[in-house]
Amino acid sequence: MLSRRSLVLAAIAANVAPIASAFATETRTFDSGSFAAAQKAGKPILVAIHASWCPTCKAQKPILSELMAEPKFKDLIYFVVDFDTQKDAVRFFGARMQSTLIAFKGTTETGRSVGDTERSLIAALLNKTL
C-alpha cells in the first residue's frame with residue numbers, strides 16, 4: 001500500500017518531468033552548414049565525437065543529457081559527430097579519438113576534453129560555452 005508521502009512525491013515527479021524536458025537541448029547530427037550557421041549566430045555549441053561501441057561515450061551520454069536539461073543551457077546547440085562514419089568532420093575538429101567533447105562560443109573554441117566521465121568536469125566544459 002502506498003503511503004501519502006509516496007503519492008505526493010509521485011505527483012511532484014510527474015509534474016516536474018515535463019518542465020525539465022522543456023529545457024532539454026536538442027541533439028543534432030553534425031553537418032557543416034548547420035555548424036557554420038550556429039557559429040555565425042554566436043551560439044553556445046557543444047560537439048561530441050561519439051561512437052556507438054564506445055563505453056566512455058555511453059557513460060558521457062546520460063551526464064550530458066542531465067546537464068543540458070538545465071535551463072542555463074537552453075540555447076546550447078549540441079552536435080554529435082559519428083566517429084566511424086563522419087571521418088571528414090573528425091579530421092576537421094582534429095579529434096584523435098571518440099569521446100572527445102569540444103565547446104564553442106560562436107566561432108571560438110572555449111574548451112576540449114577527451115574521455116571525461118566525471119560530471120563536474122563535463123559541467124565545467126559546458127559552462128565555457130556560456
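User: In this predicted model, is C54 buried or exposed?

Analyst: The cut-off for burial is under 20% relative accessible area. C54 has a relative accessible area of 2%. So C54 is buried.

User: And C57: buried or exposed?

Analyst: The relative accessible area of C57 is 2%. Buried means under 20%. C57 therefore counts as buried.

User: How many disulfides does the structure hold?

Analyst: A disulfide needs a pair of cysteine sulfur atoms within 2.5 Å. The number of disulfides in the structure is zero.

User: Which loop residue touches both C54 and C57, along with W53 and F83?

Analyst: The contacts counted here leave aside neighbours within four places in sequence. The list also includes I49, H50 and A51. The residue sits in the loop between α4 and β4. It is Q98.

User: What is the relative accessible area of Q98?

Analyst: Q98 belongs to the loop between α4 and β4. Q98 is buried. Its relative accessible area is 12%.

User: What is the strand order in the open sheet?

Analyst: The sheet is open and has five strands. The pairing is mixed. The order is β1-β3-β2-β4-β5.

User: Which strands stand at the edges, and why is one side of each left without a neighbour in the sheet?

Analyst: Each edge strand has a single partner strand, so one side has no neighbour in the sheet. One of them spans residues 108-114. The edge strands are β1 and β5.

User: What does the twist average from one strand to the next?

Analyst: The value is an average over the steps from one strand to the next. It comes to 25°.

User: How many bridges join β2 to β4?

Analyst: Strand β2 covers residues 44-50. The two strands run antiparallel. I49 has T100 in β4 as its bridge partner. The number of bridges joining β2 to β4 is six.

User: Which residue of β5 is the bridge partner of F104?

Analyst: β4 and β5 run antiparallel and are joined by six bridges. The partner of F104 lies in β5. That partner is E109.

User: Which residue in the turn of the β4 and β5 hairpin has a positive phi?

Analyst: The hairpin has two residues between its strands. The phi in question is about 65°. The residue is G106.

User: Which helix lies across β2, β3 and β4?

Analyst: The helix spans residues 55-68. It runs at about 160° to β2. It is α3.

User: Where is F93 found?

Analyst: F93 is buried, with a relative accessible area of 6%. Helix α4 covers 87-92 and strand β4 covers 100-105. F93 is in the loop between α4 and β4.

User: What separates the C-alpha atoms of F93 and I49?

Analyst: F93 touches I49. Among its other contacts are V47, V81, I102 and R112. F93 and I49 are 44 residues apart along the chain. Their C-alpha atoms are separated by 9.0 Å.

User: How many aromatic pairs does the structure hold, and why is the pair of F30 and F79 edge-to-face?

Analyst: The ring centres of F30 and F79 are 6.0 Å apart. Planes over 60 degrees apart count as edge-to-face. The planes here stand at 75°, so this pair is edge-to-face. The total of aromatic pairs is nine.

User: How many residues apart are F30 and F79?

Analyst: F30 lies in the loop between β1 and α2, and F79 in strand β3. Both are buried, F30 at 9% relative accessible area and F79 at 0%. The pair links distant parts of the chain, 49 residues apart.

User: What is the angle between the planes of F35 and F93?

Analyst: F35 is in helix α2, 58 residues from F93. Both residues are buried. Their rings form an edge-to-face pair, 5.3 Å centre to centre. The angle between the planes is 85°.

User: Which residues form one aromatic cluster?

Analyst: F30 and F79 make an edge-to-face pair. F35 and F93 make another edge-to-face pair. The cluster holds these four residues, with F92 and F104. In full, it is F30, F35, F79, F92, F93 and F104.

User: Which residue lies over the face of F83?

Analyst: F83 is also in contact with Q98. The residue over the ring is 4.1 Å from the ring centre. It is K87.

User: Is S34 buried, exposed or partly exposed?

Analyst: S34 is found in helix α2. Its C-alpha is 9.8 Å from that of I77. Buried is under 20%, and exposed is over 50%. At 27% relative accessibility, S34 is therefore partly exposed.

Note on methods. Residues numbered from 1 in each chain as written. Predicted model: local features only at pLDDT ≥ 70, side-chain atom pairs only at ≥ 80, totals over all residues. Heavy atoms only, no water. Buried < 20%, exposed > 50% of the residue type's maximum accessible area, 1.4 Å probe, protein only. Helix = DSSP H or I, 4+ residues; strand = E, 2+ residues; numbered from the N terminus. Contact = heavy atoms within 4.5 Å. Phe/Tyr/Trp six-rings, centres within 6.5 Å; stacked < 30°, edge-to-face > 60°. Lys NZ or Arg CZ within 6 Å of the ring centre and 35° of its normal. Pairing = 2+ DSSP bridges. Axes fitted to C-alpha atoms, helices over the stretch in contact; angles between N-to-C directions.
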